[in-house]
Structures are given as structure tokens and as C-alpha cells.
Amino acid sequence: MEFSPSGNEVLCCSQVGVHIYSWPELKLLRTIESKFPNLHDLQFSPSGSQLAVAGGAPAETGGIELFSWPEGHSTALIEAHEDVAMQLCWVNNTSVISASLDYGIAELDVVSGIQLKYVVPLGPNAAWHRLVRGDLNARTSIHGPHAPPSSSNIPSSTSTTSNTPSSSE
């Protein structure tokens, strides 16, 4: 779930699309359809002008679909994975990191649609759902026992840590 930049709407995603509800009434205002059949995460760009949605088609493709905000028009579909993208995090207004069920992390340029970097620091037993966390100040952390060292090819604008998530998470 994500609040809109104005704070007047709350958004969530499902296999039906991106649902936009009024806040705090929670009245469904509209649903934006996605080109991906499965959606798992959404986040606004730091400027608030774009909405990125992580998703894909299981065991086929995954990536990020971008929508203009507040219009909700699909502006780009960037396929970067061989399985569904489960999480995303904006690095800045032109770059997004996505984590996928293919165990990979991709950095994507949302202006050109080009995949900038791709790493596979994970294995089949990794907790991908705890992998990428960030905030609007473009501080991003890679978490987990397989987190790459700071000298890895994760973008230099990010920091990396090797914190193993506690069992309480």
C-alpha cells in the first residue's frame, strides 16, 4: 500500500490492477489496469509524478510498469526479470531497483527503459521479501545473509548492509 503524494488517496495493488481509495473514507475511486497479470508492490517517485508498480507473469517475465500521476496512464513497461518482480524501490527520479522471484536485483533507468545493472546475490532459500528497502531520500539497503559487500555493483548512490533479518520480522 502507498499513500498518494497529496495524502488524499491510498493505493494498493492486486491481480485486478491498482486500486485507488479516498482517504480516510476508503471509498474506491478508480482502478488502473496493468499490463502485468500479477502485481505485488507499488511506490511513487520522489517527485510524486510517477507511480511504479512491480509485477509480472509467473515463471515468464517480471519488471516495473510506470504510470503518470495523477492521470494513471501507463507510460512504460520495463521487463527486467525472468520471473515476477516482488518489490521495488526508487533510487532517485530516474532510477528504480526491483527484486524478483528469479533471485535477481535489477537497477532500471525509467527514462530510457534500459536495465543498468543486474545482480543475483540470492539463492533459492533467500528471503527476497526482505531484500530491498528504501525511502524517499534515496537511501536503499540490501538486507539478508546474501547481501553483497559495499564494493558490489549495487549503485553507488545506495548503501549496503549485511544485516540478517531477525526472526521477529
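**Reading a chain of strands**

Reader: I would like to begin with one spot. Which residue of β7 stands opposite Gly-55?

Author: Gly-63 does: in β7, this residue stands opposite Gly-55. Please keep in mind as we go that the model is predicted.

Reader: How should I read strands that stand side by side? What holds them as a pair?

Author: In general, the strands of a sheet pair through backbone hydrogen bonds, and the pairing is either parallel or antiparallel. Here, β6 and β7 are joined by 8 bridges and run antiparallel. These two strands also make a hairpin, with 3 residues between them. Look at Ala-59 in that turn, where phi is positive, about 60°.

Reader: Which strand pairs with β6 over 6 bridges?

Author: That is β5, residues 38-44, which pairs with β6 in the antiparallel sense. In this pairing, Leu-39 stands opposite Gly-55 of β6. So you can place Gly-55 twice: opposite Leu-39 in one pairing, and opposite Gly-63 of β7 in the other. β5 and β6 form a hairpin as well, with 5 residues between them. In its turn, Gly-48 has a positive phi of about 80°.

Reader: Is β6 mostly covered or mostly open?

Author: To read this, take each residue's relative accessible area; under 20% counts as buried. Strand β6, residues 50-57, is mostly covered, with 8 of its 8 residues buried. The cover is found on both faces. One side carries Gln-50, Ala-52, Ala-54 and Gly-56, and the other carries Leu-51, Val-53, Gly-55 and Ala-57.

Reader: Let me step back to the whole chain. How many helices and strands are there?

Author: The protein chain has 0 helices and 14 strands. Following the sequence, you therefore read β-β-β-β-β-β-β-β-β-β-β-β-β-β. Of its 169 residues, 51% count as buried. The chain exposes about 8200 Å², and carbon and sulfur atoms supply 51% of that area.

Reader: What share of the contacts joins residues at least 24 apart?

Author: Take the contacts between residues at least 6 apart in sequence: 36% of them join residues at least 24 apart.

Reader: Now to a sheet. In what order do the strands of the open sheet come?

Author: To read a sheet, walk across it from strand to strand. This one has 4 strands in the order β9-β10-β11-β12, with antiparallel pairing. β9 (85-92) and β12 (115-119) are at the edges; each has a single partner strand, so one side of each has no neighbour in the sheet. From one strand to the next, the twist averages 20°.

Reader: How many bridges join β9 to β10?

Author: There are 6, joining β9 to β10 (residues 95-100), and the two run antiparallel. One residue pair to find is Leu-88 with its bridge partner Ser-98 in β10.

Reader: Tell me more about Ser-98. Is it buried or exposed?

Author: Ser-98, in strand β10, has a relative accessible area of 0% and so is buried. Its side chain makes a polar contact with the side chain of His-81, at 2.7 Å. Leaving aside neighbours within four places in sequence, the residues in contact with Ser-98 include Ile-64, His-81, Leu-88 and Leu-108.

Reader: And the loops? Where are the cis peptide bonds?

Author: For a peptide bond, the angle to look at is omega. The bond from Trp-23 to Pro-24 is cis, with omega near 10°. Pro-24 is in the loop between β3 (17-22) and β4 (28-32). Another cis peptide bond joins Trp-69 and Pro-70, with omega about 15°. Pro-70 belongs to the loop between β7 (61-68) and β8 (74-81).

Reader: Which residue in the loop between β3 and β4 should I check for its phi?

Author: Check Leu-26, which is in that loop. Its phi is near 60°, a positive value in a residue other than glycine. Leu-26 is partly exposed, with a relative accessible area of 47%. Tyr-103 is also worth a look: it is not a glycine, yet its phi is positive, about 75°. This residue lies in the loop between β10 and β11 (105-109). At 29% relative accessibility, Tyr-103 counts as partly exposed.

Definitions and conventions. Residues are numbered from 1 along each chain as its sequence is written. This is a predicted model: local features need pLDDT of at least 70, side-chain atom pairs count only at pLDDT 80 or more; totals for chains, interfaces and linings use all residues. Side-chain values use heavy atoms; hydrogens and water are left out. Two strands pair if DSSP finds at least two bridges between them. Axes are lines fitted to C-alpha atoms, for helices over the stretch in contact, and angles run from 0 to 180 degrees between N-to-C directions. Buried means under 20% relative accessible area, exposed over 50%, partly exposed in between (1.4 Å probe, protein chains only). Contact means heavy atoms within 4.5 Å. Accessible areas come from the Shrake-Rupley method with a 1.4 Å probe; for residues, only the protein chains shown count as cover. A polar contact is a pair of N or O atoms within 3.5 Å; within protein, one must be able to donate a hydrogen and the other to accept it, and residues adjacent in sequence count only if both atoms are side-chain atoms.
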